[in-house]
Amino acid sequence: MLILGNHTTSAVKPLKSKNAFAVFACALCASLSPFSVLAQSSQSNAPASVTVQSGDTSLAAPPSIGAQLAVQDPPLGSSSKAAELFAPVTKANTPKIYTKPISSGPTEMDLRQLWNELKLNNPQLSSLRESYLSAKATVPQINAPANPQVGLVWSGMPANSPFALGGANAPSQQYPGGISSNNSISVAQPFQFPGKKSLAADIADTNAEALLANSESTYLQLGAQLSTLYYSALSSQKQLVVLKESVIRLEMIKNVAKARYANNAAAYVEYLNAQVAQSAAQADQFNVERQLNVALNSINTLVGRHSREKLVLRGDVRRAMSGVPTLIELEDYAESSHPSLKSSALQLDAARKGVDLAKKAYLPDFQVIGSSYTPRGPFSANNGALFYQFELDLIIPLYFFTKEKYGVEQAQRNQAAAEAGNISNRQQIVLAVNTAYAAYEQAKNQTQFLKERQVPQADAAYKVGLTQYSNNGQGFNDLLTAQTQLRNLEIALAQAESNLLQTQAVLMVSAGKEPF
C-alpha cells in the first residue's frame, strides 16, 4: 500500500448502506465471492490517493483458506542425506537391532497396549530380565557339592627308569623285595560344614529376587515416561484441533471484515490484521505437529519399535480421568507393594543372612579321602593282595581367627547399611507419593477452573464481539483479542488436561501401581 502526497481524497466509491442482516449475510458467503479493490491511480496533477499495487494479489483479494493450509515441502531430491533420513521404513534400511518385522501400516494402540509392548520389547527391561535369570542360575551352582578329586600315586621307580610303571616293584639282585609297595588310587571329596552351602545359596536367591524387584521398579519408571509421552501426544492432537477451529473462526472474521469494507464501514487494515492472525494460527499448527512427531518417535523407541514406524494413539481423555484413591490409601499401598521397597527389603534380608554365614566361617570344613593300594604298579597285572585306606581331614580356621573376625564385621556393616538404605528408601517413596498427590490436586484444580470458568467466559466474549462487529458495531481489536484469548485458553485447557493425566500416571507409579 503506497500513500502518495498529503492531500485527502476519496479513492473508493462508497456503496449503498445495508442493514445488519445483510452485512452478516455477506460475511457468511464472502469466501465464495470474488473481491476486488477499487482504487484510483495516482496522477502527477491529481490529488494524492491511496493506491493498491496490482502486482500484490494478497492485498487485492482475500486468499482462500484451502490454499493457505496446503504447504509444499521442499524437494528431498536435492539432498541425498535428507532423502535417507526421511525414507520410509523397509527391511533394507532397518537396523539389525530391531528383530521384529516392519508393520505394513499404522498401528493403533492405547495406553495399556503400549505398556504391554514396553514390558515385552524394551531393550533395557530385556537386559534386566536376562540379568535376573543369570543371577538365578548361580543358585544351584552354589548349592551343588564340591567336585571330587581323583589321585594316582606310584613310587619306587628305579634310576634311569622314570616310566617303569609295570615293573617298578619287581624283585631284583640289588632289591630282592622290590623297591616299594605304596602305589595307590585315591578319591577325595571335600565338603563344607552342614548349613554353609544352603545358606549361601539362599543368599544368592534372595539377591536375585531383589534384582527382579528392581527391574519391576525400572519398568514402572519407564512406564511413567511412556505415559507422559502418550498424554503429551494426545494433548498435541487436541491442540491441532483447537488451532484448526481457530483458523476457521479467523476466516469468519476475515469475511465479516471484507463485507464491512465493501460497505465502506471498516478499514481495510482490519481485514489484513485478521489475515495475519490466521497465518499465526497456521504457523502454530506446524510447531504442534513437530512436537507430535517427536512424541510419537519417542514412544516407538520406548516400546522397542523403529522410531519411523507409523503409530496411531487411541484414548479417551475423559474416561482416563478416573477416580484416584486417597493419599492414605496410596501411602499404604506403596509401603506394602512398591517394587523398590520390595527390593530393599530383600537386600536387607540377604544382608542379615550374610551375617549368619560369616559367623559360620568359624566352623571347620571337612575332606574325605578313600585310597586303594596294591603291591604292583598301577598299570601292571595285580598279583598281590589289595588293601584300602580311609582318611578324614579337618580344615580348621587358624591364625587367631583373623579372617573370620573381620568377615563378620564386614557382614555386620553391610547389614547396617542395608537397614539405613531400607529406611531411606521407604521415606523417599512416601515423600514421592505425597509430592505427586499435591501435583495431581493442583493440576486437577487448574483444569476445572479452565474448563468451568475461563474457557466458557472467553467463548461468550468472542461470540458477543463477533455479533457486535457483524452488526456494524465497532470493536474489531476487541473481537480479535477475544478470539486470541479463546484460542490460548482452549490450548491451555488441552495442556492442563494432559498435565492432569500425566500427574495422575506419575502418582500411580509413585505408589507402585500401573496407571490403568
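Modeller: A residue is called buried when its relative accessible area is under 20%, exposed when over 50%, and partly exposed in between, using a 1.4 Å probe and protein chains only. The model is predicted: local features need pLDDT of at least 70, side-chain atom pairs count only at pLDDT 80 or more, and totals for chains, interfaces and linings use all residues. Residues are numbered from 1 along each chain as its sequence is written, and side-chain values use heavy atoms, leaving out hydrogens and water.

Biologist: What share of the 516 residues in the protein chain is buried?

Modeller: Buried residues account for 36% of them. Tyr-261 is one of the buried residues, with a relative accessible area of 18%, and Tyr-268 is buried at 8%.

Biologist: How should an aromatic pair be read, and which kind do Tyr-261 and Tyr-268 form?

Modeller: Rings of Phe, Tyr and Trp (its six-membered ring) pair if their centres lie within 6.5 Å; planes under 30 degrees apart count as stacked, over 60 as edge-to-face, and the rest as tilted. The structure holds nine aromatic pairs. Tyr-261 and Tyr-268 form a tilted pair, 5.1 Å centre to centre with 50° between the planes. Tyr-437 and Tyr-440 form another tilted pair, at 6.3 Å and 50°.

Biologist: Where do Tyr-437 and Tyr-440 lie?

Modeller: Helices are DSSP runs (H or I, at least four residues), numbered from the N terminus. Both tyrosines lie in helix α12 (residues 402–470), three residues apart, about one turn of the helix. Tyr-437 is buried at 17% relative accessibility, and Tyr-440 is buried at 6%.

Conventions: Helix = DSSP H or I, 4+ residues; strand = E, 2+ residues; numbered from the N terminus.
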